Amino acid sequence: MTKTTEAPGAGTLPPPEPVRIGIVSISDRASSGVYEDKGLPALQDWLSRALLNPIEFEPRLIPDEQATISATLTALVDVARCDLVLTTGGTGPALRDVTPEATLAVAHKEMPGFGEQMRQISLRFVPTAILSRQVAVIRHQSLIINLPGQPKAIQETLEGLKASDGSALVPGIFAAVPYCIDLIGGPYLETRDEVCKAFRPKTAQRPARQA
């Protein structure tokens, strides 16, 4: 499955760099056809709206099996060469929720700030956000992030919370993703500010595109 986004013209600037993104929905019931998976469409829709880069998606729908999750993440990074991998589902306290364990098992570095911020965002809505166990890690030159299982929560944690005038109340985690990928040697991700404004130090910024 491939989805391509096009950037508006921007003078002499080169076109945005292509990016390959793995999206993984982890659910016993959705993967067995008991109900329709909503995680993959939610991830693809949000990323297509947020990024100016041409995106090649690598989608996977798999059950809550730790070995399968680890193998899938490893293949997306080592074989498919994804620059970013986002998972949804399997991060709660239930016995079958093993996504964090499977993710940590393939990690070279852990990035705890992502999980901390996701829980801070979700706590604005429900006290049970403290039961969420999302983690983020680096494997080789790829960033892997566990997201919540519901489409609404996916958007909130990626995009952050905004006031009625559009100003940011709580930053979403994706604002830090492009610079993180810069630091590990990945492509330069460009975001649409109206969806999610990426933050980079001034020394790491390239000329902005004109809408």
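**Exercise 1.** Which elements are included in what covers the buried residues of α2?

*Solution.* The structure is a predicted model, and the starting point is helix α2 itself, which runs over residues 39-50 and reaches 17 Å from its first C-alpha to its last, close to the 16 Å expected. The next step is to list the buried residues, which are Gly 39, Leu 40, Ala 42, Leu 43, Gln 44, Trp 46, Leu 47, Ser 48 and Ala 50. Because 9 of the 12 residues of α2 are buried, the helix is largely enclosed by the rest of the structure. The last step is to ask what covers these residues, and the cover includes the strands β1 (19-26), β2 (55-62), β3 (84-88) and β6 (142-147), together with helix α6 (151-159).

**Exercise 2.** Classify the 1 aromatic pair that the structure holds.

*Solution.* The rings of Trp 46 and Phe 174 have centres 5.1 Å apart and planes at 70°, so the pair is edge-to-face, given that planes over 60 degrees apart count as such. Trp 46 belongs to helix α2, whereas Phe 174 lies in the loop between β8 (168-171) and α7 (177-183), 128 residues apart, and the pair thus links distant parts of the chain. As for accessibility, Trp 46 counts as buried at 1%, and Phe 174 counts as buried at 0%.

**Exercise 3.** Find where the charged end of Lys 152 sits, and what Arg 200 lies over.

*Solution.* The charged end of Lys 152 sits over the ring of Phe 125, 4.5 Å from the ring's centre. Arg 200, in turn, lies over the face of Tyr 188, at 3.6 Å from the ring centre.

Notes. Residues numbered from 1 in each chain as written. Predicted model: local features only at pLDDT ≥ 70, side-chain atom pairs only at ≥ 80, totals over all residues. Heavy atoms only, no water. Helix = DSSP H or I, 4+ residues; strand = E, 2+ residues; numbered from the N terminus. Expected span 1.5 Å × (residues − 1). Buried < 20%, exposed > 50% of the residue type's maximum accessible area, 1.4 Å probe, protein only. Contact = heavy atoms within 4.5 Å. Phe/Tyr/Trp six-rings, centres within 6.5 Å; stacked < 30°, edge-to-face > 60°. Lys NZ or Arg CZ within 6 Å of the ring centre and 35° of its normal.
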